[in-house]
Amino acid sequence: MKKYGFGADVGGTTIKMGLFEMDGTLVEKWEIPTDTTEKGAHILQDIAATVHGKMVENDLTKDMVEGIGIGVPGAVDKDGVVNRAVNLGWDIVPLAEELGKLSGMRVKVGNDANVAALGENWMGSGKGYNSIVMVTLGTGIGGGIIIDGNILTGANGAAGEIGHIVVNEQEIEACNCGHYGCIEQYASATGIVRMAKRALAGTSEGSKLRTFGEAVSAKDVFDCARAGDKVACDVVDQVCGMLGATLAKIGCVVNPDAFIIGGGVSRAGQILIDALQEPFKAQVFHACKDTPIVLATLGNDAGIYGAVRMLLS
């Protein structure tokens, strides 16, 4: 094993980059813009160029670098081929092969949510566990499943699409995926706002949430619930009831050592974790009822950690 490795986490706006020692020590991190012009044709060139630049800066040669790990927002097969990444303008991209040619180094590729889960398992709150399920609560809901230290990708690279587990068959508004009643419609940041607005429209009860108007956020909901606002508390209970039940269903299938909760909504902290416990324990198979549910700790760096961790396998 060589001493260094590079990690890249490709987003629609920026690409997070990291230079690591292969024991997990972060040497340096930085960002470059994501150039989505010409259907993302320049993205891999930009990654290769910034890696080369950092190697020159740090007096590194290729025989000192294990390679480049990269997480992307799309389905990825076992050969490192990306099957559509809409936010980047990509259709079918043989990423491992193309970036390998541009950089002259070994390249490992994974879906960004799966890679973030691997990062948390390696150096975050999942450290020490063999198997975890990570749920990222952001604008949408992503997920990653790690079994015995390895990413579970599924036949088409779509394992871990936790946000699209249907939890309400009576829902009349469509999810972005085209189905109805996905957990993403309720427990993502946008889903929590949607639930709060529904709750306020359905009651005349006073609530501080009304003072935010259309600008109400998921953070506002949790802040008001923490302060004892009844409408906000009801929204949190409803949202976490649905998410806790979803984790219970996943637990019955995967039986992980722990659930890791990340994404922007996770910054609500312990109030979120506490609200998940009762619905989870009420519905999960008895052998899984003591599975810990914990907050992620690596934040936005989870992706670059996980990208480098892929180079170890």
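Helices here are DSSP runs of H or I at least four residues long, numbered from the N terminus. In this predicted model, Asp220 is found in one such run, helix α7, which covers residues 218-226. Asp220 makes a good starting point, as its surroundings invite a closer look. The residue is buried yet takes part in no salt bridge. The nearest side chain of opposite charge belongs to Lys219, at a distance of 5.7 Å. A salt bridge calls for a side-chain nitrogen within 4 Å of a carboxyl oxygen, so the pair Asp220 and Lys219 does not qualify. What the side chain of Asp220 does reach is the backbone nitrogen of Ser217, at 2.9 Å. With neighbours within four places in sequence left aside, Asp220 is in contact with Leu209, Phe212 and Ala215.

Lys219, for its part, is paired elsewhere in the helix. Asp223 and Lys219 form a salt bridge, with 2.7 Å between the closest N and O atoms. Both residues belong to α7 and stand 4 residues apart, about one turn of the helix. An α-helix has 3.6 residues a turn, so residues three or four places apart point the same way. The two partners fall into separate accessibility classes: Asp223 is partly exposed because its relative accessible area is 31%, whereas Lys219 counts as exposed because its value is 58%.

A similar arrangement appears in helix α3 (residues 95-103), where Glu97 and Lys101 lie 4 residues apart, about one turn of the helix. Their side chains meet in a salt bridge at 3.2 Å, N to O. Glu97 has 48% relative accessibility and therefore counts as partly exposed, while Lys101, at 66%, is exposed.

These pairs belong to a wider set, as the structure holds 15 salt bridges. Another of them joins the side chains of Lys78 and Asp79, at 3.7 Å from N to O. Both ends of this bridge are exposed: Lys78 has a relative accessibility of 78%, and Asp79 has a relative accessible area of 52%. Salt bridges also link Glu171, Glu173, Arg194 and Arg198 in a network.

Lys78 appears again in the description of the second largest pocket, which has a volume of about 390 Å³. The lining of this pocket comprises 23 residues, and those nearest its centre are Lys78, Lys108, Val109, Thr153 and Met310. Strands β8 (107-111) and β11 (150-151) and helix α10 (302-310) each supply at least two lining residues. The greatest share comes from β8, with 5 residues. Helix α10 is mostly covered, since 9 of its 9 residues are buried, which means that each has under 20% relative accessible area. Among the buried residues of α10 are Tyr305, Arg309 and Met310, the last of which is also one of the residues nearest the pocket centre.

Finally, the backbone deserves a brief word. Most residues other than glycine have a negative phi, and most peptide bonds are trans. Arg84, although not a glycine, has a positive phi of about 75°; this residue is placed in strand β6, residues 82-85. Asn255 likewise shows a positive phi, near 50°, in a residue other than glycine. Asn255 sits in the loop between α8 (230-254) and β12 (258-262), and it counts as partly exposed because its relative accessibility is 47%.

Terms used. Residues are numbered from 1 along each chain as its sequence is written. This is a predicted model: local features need pLDDT of at least 70, side-chain atom pairs count only at pLDDT 80 or more; totals for chains, interfaces and linings use all residues. Side-chain values use heavy atoms; hydrogens and water are left out. Buried means under 20% relative accessible area, exposed over 50%, partly exposed in between (1.4 Å probe, protein chains only). Lys and Arg count as positive and Asp and Glu as negative; His and the chain ends are not counted. A polar contact is a pair of N or O atoms within 3.5 Å; within protein, one must be able to donate a hydrogen and the other to accept it, and residues adjacent in sequence count only if both atoms are side-chain atoms. Contact means heavy atoms within 4.5 Å. On a 1 Å grid over the protein atoms alone, a cavity is a set of points where a 1.4 Å probe fits but cannot get out, and a pocket is an open set with protein on both sides within 12 Å along at least five of seven lines; lining residues have an atom within 4 Å of a point. Grid points are joined across faces, edges and corners, and a volume is the space filled by probe spheres set on the points.
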